[in-house]
Amino acid sequence: MAFAEDLDAFLNTDEFGVSVTAGATTGVGILDMPSEFIADGVVLTTDYKLMCESSKFGDLLHGDAVTVDGTAYTVRNTVLIDDGAFCELMLQKV
């Protein structure tokens, strides 16, 4: 018996999800912006990581444009998470 996942339960704009658009595809994702000090604690840098549905955004490639919560980004890389239902997009702010 196959298990049918309801991914919408995880991605919800009423909670902490944000709108995501890439080309003609729209959906919801969770944007994470962790900061860290680099260069011996002299420089503070921020990475942009978006968790979203692989079926909608998992085929994005390096350099593809994506808009997250109204802000333009380009994709640095795409990584599948666990069983592949979700992916993480590493992003670069435009």
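Buried residues are those with under 20% relative accessible area, exposed residues those with over 50%, and partly exposed residues those in between (1.4 Å probe, protein chains only). By this definition, F57 is buried, at a relative accessible area of 0%.

**View 1. Overview of the predicted model.** The structure is a predicted model, in which local features need pLDDT of at least 70, side-chain atom pairs count only at pLDDT 80 or more, and totals for chains, interfaces and linings use all residues. Residues are numbered from 1 along each chain as its sequence is written, and side-chain values use heavy atoms, with hydrogens and water left out. The mean pLDDT (the predictor's confidence in each residue, from 0 to 100) of the protein is 90, and 97% of the residues score at least 70. One helix and eight strands make up the secondary structure; helices (H or I, at least four residues) and strands (E, at least two) are DSSP runs, numbered from the N terminus. Their pattern along the sequence is β-β-β-β-β-α-β-β-β. Among these elements, mean pLDDT is lowest in strand β4 (residues 43-46), at 82, and highest in strand β6 (residues 65-68), at 98. Along the principal axes, the C-alpha atoms fill a box of roughly 55 × 25 × 25 Å. Of the 94 residues in the protein, 28% are buried.

**View 2. The barrel.** Six strands, in the order β1-β2-β5-β8-β7-β6, close into a barrel with antiparallel pairing. From one strand to the next, the twist averages 45°; the axes are lines fitted to C-alpha atoms, for helices over the stretch in contact, and angles run from 0 to 180 degrees between N-to-C directions. Two strands are taken to pair if DSSP finds at least two bridges between them. In general, strands of a sheet pair through backbone hydrogen bonds, either parallel or antiparallel.

**View 3. The β1-β2 hairpin.** Strand β1 (residues 18-22) and strand β2 (residues 25-32) run antiparallel and are joined by five bridges. Within this pairing, V18 of β1 stands opposite G29 in β2. The hairpin has two residues between the strands, and G23 takes a positive phi near 65°.

**View 4. Strand β5 and its partners.** Strand β5 (residues 48-53) is joined by six bridges to strand β8 (residues 86-93), and the two run antiparallel. In β8, C87 is the bridge partner of C52. Strand β5 also pairs with β2 in the antiparallel sense, over three bridges, and here M51 of β5 is the bridge partner of I30.

**View 5. The surroundings of E53.** E53 belongs to strand β5 and is buried, with a relative accessible area of 9%. Residues up to four places away in sequence are not counted in the following list. E53 touches L7, D8, L11, G58, A85, F86 and C87, where contact means heavy atoms within 4.5 Å.

**View 6. The surroundings of F57.** F57 is found in helix α1 (residues 54-57). Apart from neighbours within four places in sequence, F57 is in contact with V20, A22, T25, T26, G27, C52, T78, C87 and L89. One of these partners, G27, lies 30 residues from F57 along the chain, and their C-alpha atoms are separated by 8.6 Å. Across the protein, 43% of contacts between residues at least 6 apart in sequence join residues at least 24 apart.
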